[in-house]
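Me: Please take a close look at one part of this structure and describe carefully what surrounds it. I would rather have one connected account than a list.

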Amino acid sequence: MDNLPLVLDLTGTFVFALSGALAGVKRQLDLFGVLVLSFAAANSGGIARDLLIGVVPPGAVADWRYLGVSVFAGIITFLFSSSIVRMSNSVLLFDAAGLALFAVTGASKALVHGLNPVMAIVLGMVTGIGGGMVRDVLLAEIPTVLRAELYAVAALVAASIVVIGHMLQLPVVPVTAVALISCFSLRVMAMRRGWRLPVAKISSKGPDKS
């Protein structure tokens, strides 16, 4: 039980590192570039969370395991890029799993450090979406969270379940499982069915001169 947050955090680090490294491979970056994207995607959200709650140095910097997991995922992706590219749908599932894992661990860590429920939910979301945003910015792309199907919303759902469970003093493991499944399922269903928030549209018609 005491190791559950760390296990979830490192698992999320690995799956997000895979998605970051794959993005680098698709852009034909060299090994160093792939490893940079792997680490950025896997750890930026957690670093932002730790800095905001006053954990210095952040866990991703202080604990070698975060770097080790990120580099391992990056090297695997670089060496077996052809096979992993063919598994693009699976990588999207990894990304959804990473989002769920980080949203849960982010909210949990915020609660442990005494943040109020609303800010714990927000930090859970930030942890989930932060790595993907940095990855996309490094690749000069519009961040996925700003254009994809219910990305941040899924993270908010997971973080909210964790916080509500904490407030009601429910058992940690069942609450964590429900939060993970809810976020993962919502993200996957949104990808497959095209669910998304309303998008701003600008009319192409000129001003009415009548």
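**The second largest cavity and its surroundings**

Reply: The second largest cavity holds about 30 Å³ of space, where a cavity is a set of points on a 1 Å grid over the protein atoms alone at which a 1.4 Å probe fits but cannot get out, and its volume is the space filled by probe spheres set on those points, joined across faces, edges and corners. This is a predicted model, in which local features need pLDDT (the predictor's confidence in each residue, from 0 to 100) of at least 70 and side-chain atom pairs count only at 80 or more, while totals for chains, interfaces and linings use all residues. Residues are numbered from 1 along each chain as its sequence is written, and side-chain values use heavy atoms, with hydrogens and water left out.

The lining (residues with an atom within 4 Å of a point) consists of Ile-129, Gly-132, Met-133, Arg-135, Asp-136, Thr-144, Val-145 and Tyr-151. Helix α7, a DSSP run of H or I with at least four residues, numbered from the N terminus, gives the largest share of that lining, 5 residues.

Two of these lining residues, Arg-135 and Tyr-151, are also touched by Asp-95, which in addition meets Phe-16 and Ser-19, not counting residues up to four places away in sequence; contact here means heavy atoms within 4.5 Å. Asp-95 lies in helix α6, residues 88-112, and has a relative accessible area of 9%, so it counts as buried, a class that takes in values under 20% with a 1.4 Å probe, protein chains only.

Ile-129 leads from the cavity lining to the largest nonpolar core, where Leu-99, Val-104 and Ile-129 touch the most other members among its 35 residues. Such a core is a set of buried Ala, Val, Leu, Ile, Met, Phe, Trp, Tyr and Cys residues joined through side-chain atoms within 4.5 Å. Its largest share, 9 residues, comes from α6. Val-104 is in contact with Leu-8, Ala-158, Val-162, Thr-176, Ala-179 and Leu-180, leaving aside neighbours within four places in sequence.

For comparison, the largest cavity has a volume of about 70 Å³. Among its 13 lining residues, Asp-9, Gly-46, Arg-49, Ala-60 and Tyr-66 lie nearest its centre, and the largest share of the lining, 6 residues, comes from α2.

As for confidence, the protein chain averages a pLDDT of 87, with 91% of the residues scoring at least 70. The mean is lowest in helix α5 (residues 81-85), at 75, and highest in α8, at 94.

Note on methods:
Helix = DSSP H or I, 4+ residues; strand = E, 2+ residues; numbered from the N terminus. Buried < 20%, exposed > 50% of the residue type's maximum accessible area, 1.4 Å probe, protein only. 1 Å grid on protein atoms, 1.4 Å probe; cavity = no way out; pocket = protein on both sides within 12 Å on 5 of 7 lines; lining within 4 Å.
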